[in-house]
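Me: I have a structure to look at and would like to go through it in small steps. Could we begin once it is on the screen?
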Amino acid sequence: MPDETVSGWQYIVDAVTERLGVPVGLIMRVVGPEIEVLVANGDERNPHAVGERASLAGSGMYCERVLATGGMLCVANAHAEAAAWAGNPCFERHGLSSYLGFPIRWPDGATFGTLCVLQRGERAYSRHDREVLELMRDLIESSLHALYPA
């Protein structure tokens with residue numbers, strides 16, 4: 001991935017986390033059987049670091065669900081559905097109980113990864129929140145299309 005592309009994506013993640021007022025924003029990339037943090041906002045409350053990797057299958061992570069369904073995932077309060085999120089490291093280790101994320105796709109439709117925001121505590125993400133994040137996802141996919149036309 002070209003550095004200038006990743007820099008542009010960093011700007012997107014920083015802007016969306018500021019706009020939505022959340023402490024965690026990530027672009028995750030699928031790398032074989034793992035998922036990697038490609039971009040993370042710089043908020044000191046963000047427990048994730050660029051380059052961090054985890055096994056994807058059976059991880060219980062929010063992004064695993066996004067990738068499995070191929071659609072948006074909006075979790076207002078994982079505490080209300082704790083059994084459904086058992087094993088999720090974002091929830092169990094870091095207390096990130098609200099999540100909004102979208103899949104990112106390569107130009108051929110294959111899965112690249114996810115764009116997501118998270119925070120501690122309950123948050124009912126509004127239609128506007130979802131639209132903002134979806135628009136940012138579309139910008140990321142547009143840059144993938146420009147770099148790697150189908």
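The conversation below goes through a helix, some ring pairs and the nonpolar cores of this predicted model.

Me: Let's start with helix H1. Is its length as expected or not, and why?
Reply: Helix H1 covers residues 3-20. At 1.5 Å a residue, its 18 residues should span 26 Å, and its end C-alpha atoms are 26 Å apart, which agrees.

Me: Which residues of H1 are buried?
Reply: Thr5, Trp9, Ile12, Val13, Val16, Thr17 and Leu20 are buried in H1. They cover an arc of only 120 degrees around the axis, which puts them on the same side of H1.

Me: Why would a helix do that with residues spread along the chain?
Reply: An α-helix has 3.6 residues a turn, so residues three or four places apart point the same way.

Me: And what is on the face of H1 turned away from the buried side?
Reply: That face carries the exposed residues Asp3, Glu4, Tyr11, Glu18 and Arg19.

Me: What do the buried residues of H1 pack against?
Reply: They pack against strands E1 (24-31) and E2 (34-40), and also against E6 and H4. Strand E6 comprises residues 111-119, and helix H4 comprises residues 127-147.

Me: What follows H1?
Reply: Gly21 follows H1, and its phi is positive, near 70 degrees.

Me: What about Gln10, where is it and what does it touch?
Reply: Gln10 is in helix H1. With a relative accessible area of 23%, Gln10 is partly exposed. Not counting residues up to four places away in sequence, Gln10 touches Val39, Ala40 and Asn41. Gln10 and Gly42 are 9.4 Å apart in space, C-alpha to C-alpha, although 32 residues separate them in sequence.

Me: New topic: how many aromatic pairs does the structure hold?
Reply: It holds 5 aromatic pairs. One of them joins Trp9 and Phe112: the ring centres are 5.7 Å apart and the planes lie at 85 degrees, so the pair is edge-to-face.

Me: Which parts of the chain does that pair tie together?
Reply: Trp9 lies in helix H1 and Phe112 in strand E6, so the pair ties together parts that are 103 residues apart in sequence.

Me: Are those two residues buried or exposed, and why?
Reply: Trp9 counts as buried because its relative accessibility is 2%, and buried means under 20%. Phe112 counts as buried at 1% relative accessibility.

Me: Which residues do ring pairs link into a cluster?
Reply: The cluster consists of Trp9, Trp106, Phe112 and Tyr148.

Me: How are the rings of Tyr62 and Trp85 arranged?
Reply: Their centres are 4.7 Å apart and their planes lie at 55 degrees, so the pair is tilted. This pair links distant parts of the chain, 23 residues apart: Tyr62 is in helix H2 (residues 62-69), while Trp85 is in the loop between strand E4 (73-75) and helix H3 (89-92). Both Tyr62 and Trp85 are buried.

Me: Now the interior: which residues have the most contacts inside the largest nonpolar core?
Reply: They are Leu26, Tyr62, Tyr99 and Leu118, in a core of 22 residues. The elements giving two or more residues to this core are E1, E2, H2, E4, H3 and E6. The largest share, 4 residues, comes from H2.

Me: What is Tyr62 in contact with?
Reply: Leaving aside neighbours within four places in sequence, the contacts of Tyr62 include Leu73, Val75, Trp85, Phe91, Tyr99 and Leu118.

Me: And where does Trp9 belong?
Reply: Trp9 belongs to a second, separate core of 21 residues, which also includes Leu20, Val22 and Val117.

Note on methods
Residues are numbered from 1 along each chain as its sequence is written. This is a predicted model: local features need pLDDT of at least 70, side-chain atom pairs count only at pLDDT 80 or more; totals for chains, interfaces and linings use all residues. Side-chain values use heavy atoms; hydrogens and water are left out. Rings of Phe, Tyr and Trp (its six-membered ring) pair if their centres lie within 6.5 Å; planes under 30 degrees apart count as stacked, over 60 as edge-to-face and the rest as tilted. Buried means under 20% relative accessible area, exposed over 50%, partly exposed in between (1.4 Å probe, protein chains only). Contact means heavy atoms within 4.5 Å. The expected span of a helix is 1.5 Å times one less than its number of residues. The arc is that of the directions from the helix axis to the C-beta atoms. A nonpolar core is a set of buried Ala, Val, Leu, Ile, Met, Phe, Trp, Tyr and Cys residues joined through side-chain atoms within 4.5 Å.
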